[in-house]
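Let's take a walk through a protein model together. Have the picture open, and keep an eye out for empty space and unusual backbone angles.

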Amino acid sequence: MAAEVEEEEVEMESTDAASGRPIPFQLQLDKPLPFQISIAEWNPEKDLLAMVTDDSKVVLHRFNWQRLWMISPGKCITSLCWRPDGKVIALGIEDGSILLHDVENGKLLRSIKSHSVAVIYLNWEEDSHAAMEDVDNAFVYEDRTSRFFPPAPRIPRMPGLGAGDAGLMDDYEDTFHEFSTSPGQHFNVLSSGDKDGSICFSIFGIFPIGKINIHQLPIRATLPNRIATLQILNASIQKLALSKNLSQLIVLCFGELVEDFVESKSKSIQRVEHFELQSSSVNRVSSVGLHCFVLKTSIFLDRKNELHQVAQQASSIEDLVEVVRASLSVMSKHWSEAMHSFHEKFDPLSSLIVDHGLFSTPQDEFLSVLFGARTSPPLHQFLANTLGEAGLKRVSKAVDCAGKELHSVIHEHLQPAVEIIGFRIAELRGLSRWRARYRVIGLDEKLIDNATKKAGMLLVQVERFSRILVIVLHLLQNFFNWVLRSIKILMSEPIDQVQSANSELIVVFLKFVLNHDPVGELMDATKTIDVDGEIMERLEELVIFGGYADTKYLERNLLNEFNQMEQCFKEAFLHQFTTVSQKIHCEGLMPLYEFRYSTQFSSPAAPTSIVYYKGNYGSESTNLNNLIDYTCFKVPNESLELTNCIGIMRGFTNAVNPLQKQTHCPEAVLLRVPEAFHCVDLSFYKENQLILLLNEATSTSDSAMRSLIMMVQLDDLCFLPLSREVPEIWAIHCLKASAVDMHLENGKVRYVPDPVSRPLAVSASRGLACVFTSRSHAMVYILDEDEDEDEASGA
């Protein structure tokens, strides 16, 4: 089969060369695949291709088709994108979560739950001017944590799990600080859209900073003879593209466009509900189609330094909160297992006392022996037969091991994490007092102050827990030594090798610890601590004197204190999330095309692409550093009387940007693909070029169906201005009369001997196009740059 393909390719090249057609795309490789591909994206910095299979596996290949790794999240993958530096890959999942994986080994770095339904599209953009501006920027923040603290602790391993049993947990530990604290990390924002029309923004991809729903966005639009407020219902996100300066977001979505407000001839505004359609004077718009609108996200540009600082601290705090949570869970498991062993060995004494018809308690039996009385029959039977020296040593070892593990978790994980949390929240507290810069992004001083106090209280609770743990462990070991001596005396064995016990501590243990677990209570959310009334009065006086409002501190345990601190953090960060979300709004809407015959529609998977190019826009613009947005989309045949058309629009964000000195209308062109072909997929390429993937519409008996890759030079197209004051609100309708026929002989074309299918993945860094054919072959083409240079010199 491979030999036949090569022969067909050679024959095709000869035919194309003889006909004089240019062949700029050179076949790099043609590899059979054991799976079908649904999504493919090239790494922006490296020659790596990430592919998602139909059964939701992620495969990473090098340019030479060497496979690096394959992972299976176990859930349906609906979208994929790369971090701008190419070191992290983001996966959108059907259940609304976003998974972030390390490109080096596929390890799971983070799982984020920002949506409740499938994440349709992801876009990760980095501030392109960060490196230049940071040189002389007086407000650039330096993380000082490393000056005062060693590296932050990792999540401790849960007991009972061997190597590999923790799933992706160990991988998560190895890359714990990859996102917000890695050297040279520039400010970046991950945008994600779901099928219900919600768009979420996350700084570094991990710290949620904003969320909007396009159904709830009132959009002001100028229509013939009136100004209307429009709304998009039942919308599904198709494509997102954040501008390079992070100030605007282009969104393509399918949905129903509804006019809710209209302005009458007398300029009075009349409210029209969805069900109030009786008035004949109301001209209500209700159409289903593809819409392009621009969200103003200038807060990311205007306050990027402040957001960078807060996100760095807050995301690190959230990491450390997970360390504390996991530490408490690990400690609780270790201690509960040790106490289970203890009670499993010592609880039978109560049953033996009842069986012998006595009315005493285990404490009474032990105290009577301690004070010199004879050993009662039930206690004698318990020590000599039920417990025995071997059973006691096993219990003692279990408690000793649990104590060592708890000490290790406290000193290596819990306490360092709480200390760093206290430092970082104190940093945020200092920032919150700079109200002029940080109030606008929702950093509330009062909420941060409260969180700072809770962090301090948690640190004191950790010290309290550590002290109680030492005391309880000492009491237990002292008690075990005494019981061991008692067993040896009963068995008439020497006790020289047994450490002597402190009688007073045995009494304390029997009265306060045997049936009461002070360590376990500090890690039980249902428990409260009993505090002496006199001590409580002194505490209240001290608390009021220190300016605190919390007088119930001693009654809470370690876990309850942690829960209160976590709640304070959530309230503080939620306030910031809400504040930033309210500053994101719609700047402009452009209805592109309509589904005339679709009343109940499901979002079609039409080819679309968005990109930003540097260059001039408008005849009076001379700044080559301007960024012009280009939006390309395939138009369904039912939307126009014309068939097989592709629409290209540019300059939409420039037209709605109030910072532009010159006002320009957006421009567009309608390309008509030859009837012999239909568009399968499309993608923008560097230097104002568009790559099209076309299939033959029909095949003849003489030749098999073919496909082709074609490059269209955007500068050669005649763009026409799109005016809002037109009889139709759909932008493409006004271009029907001026549609441009696309001629294959005038473009850069490469024929493929088999029909192909989506996706088309194009790399701007290496000029690569990856095509997946219907026969499950991956075909990688590389652009012949020499030919472009020859054409330029010839011209």
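Start with a little hole: Phe 25, Tyr 685, Ile 691, Val 762, Gly 767, Leu 768, Ala 769 and Leu 783 line the second largest cavity. On a 1 Å grid over the protein atoms alone, a cavity is a set of points where a 1.4 Å probe fits but cannot get out, and lining residues have an atom within 4 Å of a point. This cavity has a volume of about 40 Å³, and a volume is the space filled by probe spheres set on the points, with points joined across faces, edges and corners. Its lining splits into 7 nonpolar residues, 1 polar and no charged (Ala, Val, Leu, Ile, Met, Phe, Trp, Tyr, Cys and Pro count as nonpolar, Asp, Glu, Lys and Arg as charged, and the others, Gly among them, as polar).

Before going on, note that this is a predicted model, where local features need pLDDT of at least 70, side-chain atom pairs count only at pLDDT 80 or more, and totals for chains, interfaces and linings use all residues. Residues are numbered from 1 along each chain as its sequence is written, and side-chain values use heavy atoms, leaving out hydrogens and water.

Now for the backbone. Most residues other than glycine have a negative phi, and most peptide bonds are trans. Yet Arg 758 and Pro 759 are joined by a cis peptide bond, with omega about 5°. Pro 759 sits in strand S30 (residues 756-763); strands are DSSP runs (E, at least two residues), numbered from the N terminus.

Trp 65 has a positive phi of about 70° and is buried, at 11% relative accessibility (buried means under 20% relative accessible area, with a 1.4 Å probe and protein chains only). Phe 204, in the loop between strand S12 (198-203) and strand S13 (207-213), also has a positive phi, near 60°.

Notes:
On a 1 Å grid over the protein atoms alone, a cavity is a set of points where a 1.4 Å probe fits but cannot get out, and a pocket is an open set with protein on both sides within 12 Å along at least five of seven lines; lining residues have an atom within 4 Å of a point. Helices (H or I, at least four residues) and strands (E, at least two) are DSSP runs, numbered from the N terminus. Buried means under 20% relative accessible area, exposed over 50%, partly exposed in between (1.4 Å probe, protein chains only).
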